[in-house]
Amino acid sequence: MKKRAVIGMVLLGALAPAQAAESVLAPAQAAESVLAPAEGATAGPQAGAAAGPADAGGGAVAPQRRALEATPPPPERTARPAAAEWDAAEQVSLARVARGGACKARRQREWLRIDCSVPSVVAVRSLGAGAGGESVSVGEHRADEDGPFPSSVSVIFPVRIGDRRVIEILSIEQGYRFQTGLTTSVMISEQWLEGDAGPLVSAL
């Protein structure tokens, strides 16, 4: 069964009490987050990059993913998409993504879902005040990895004019003499200021 958690400081493993006590989302924000089940990651690389090369046997070239900032969501506010709606969601490319394509994105109306494949996910947190409305779900632990931690995470949030948010995905890291600690695996940022043509979203 897949594990679920709400963004704030989402702890997915057994951490020290001082770490477990940390929380960065106000209760009202945490309460409005509705969890969505994790699904397989699909979506595009950097803005303007093609979704895939031509088939070696002369097949058709895969369609190019549209850049999110070039096709901004409509201003209407809608409810968070149901889990099944993400299957038909449009794949989009972000302004910047980490080399290697660990994170993929897709959009359903003004809602964005970012799926990231990272090792030993232990926490997801929103930094600063944020724009609210985020939710997070995690995938299952992979049998080829050590430890009880999942190796994928999905973050869903609305993209609206005036938004500014930063979301950090943390993994557990084994250091010197088997000491463990937290390390930042992915930093997701979203900004759509008044007057901007569209939102700028990165996953680095």
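## Legends to close-up views of the predicted model

**Figure 1. Contacts and setting of T183.** Not counting residues up to four places away in sequence, T183 touches I169, L170, S171 and E173. The structure shown is a predicted model. T183 is found in strand 12, which spans residues 180–191. One of the residues touched, S171, is 12 residues from T183 along the chain, and the C-alpha atoms of the two are separated by 5.4 Å. T183 has a relative accessible area of 26% and is therefore partly exposed, since a residue counts as buried under 20% and as exposed over 50%.

**Figure 2. The disulfide between C103 and C116.** The count for this model comes to one disulfide. The sulfur atoms of C103 and C116 lie 2.0 Å apart and form this link. In general terms, a disulfide is a covalent bond between the sulfur atoms of two cysteines. The angle about the S-S bond is 110°, and the link of C103 and C116 is right-handed. C103 lies in strand 6 and C116 in strand 7 (residues 111–117), so the pair ties together parts that are 13 residues apart in sequence. C103 counts as buried because its relative accessibility is 5%; C116, at 2%, counts as buried as well.

**Figure 3. Surroundings of Q108 in strand 6.** Strand 6 covers residues 103–108, and Q108 has its place there. The relative accessibility of Q108 is 17%, so this residue counts as buried. From Q108, the side chain reaches the backbone oxygen of E85 at a distance of 2.9 Å. When neighbours within four places in sequence are left aside, Q108 is in contact with P81, E85, W86, A88 and A89.

**Figure 4. Strand 9 and its pairing with strand 10.** Strand 9 consists of residues 135–138, with S135 and S137 pointing one way and V136 and V138 the other way. In a regular strand, the side chains alternate between the two faces of the sheet. S135, V136, S137 and V138 are all buried. Strand 9 pairs with strand 10 (residues 152–158) in the antiparallel sense, over four bridges. In strand 10, I156 is the bridge partner of S135.

**Figure 5. The protein as a setting for the close-up views.** The secondary structure comprises two helices and 13 strands. Of the 204 residues in the protein, 42% are buried. The accessible surface comes to about 10200 Å², and 54% of this surface belongs to carbon and sulfur atoms. Among contacts between residues at least 6 apart in sequence, 67% join residues at least 24 apart.

Definitions and conventions:
Residues numbered from 1 in each chain as written. Predicted model: local features only at pLDDT ≥ 70, side-chain atom pairs only at ≥ 80, totals over all residues. Heavy atoms only, no water. Buried < 20%, exposed > 50% of the residue type's maximum accessible area, 1.4 Å probe, protein only. Pairing = 2+ DSSP bridges. Polar contact = N/O pair within 3.5 Å; in protein donor to acceptor, adjacent residues only side chain to side chain. Contact = heavy atoms within 4.5 Å. Areas by Shrake-Rupley, 256 points an atom, 1.4 Å probe, with all protein chains shown as cover. Disulfide = S-S within 2.5 Å.
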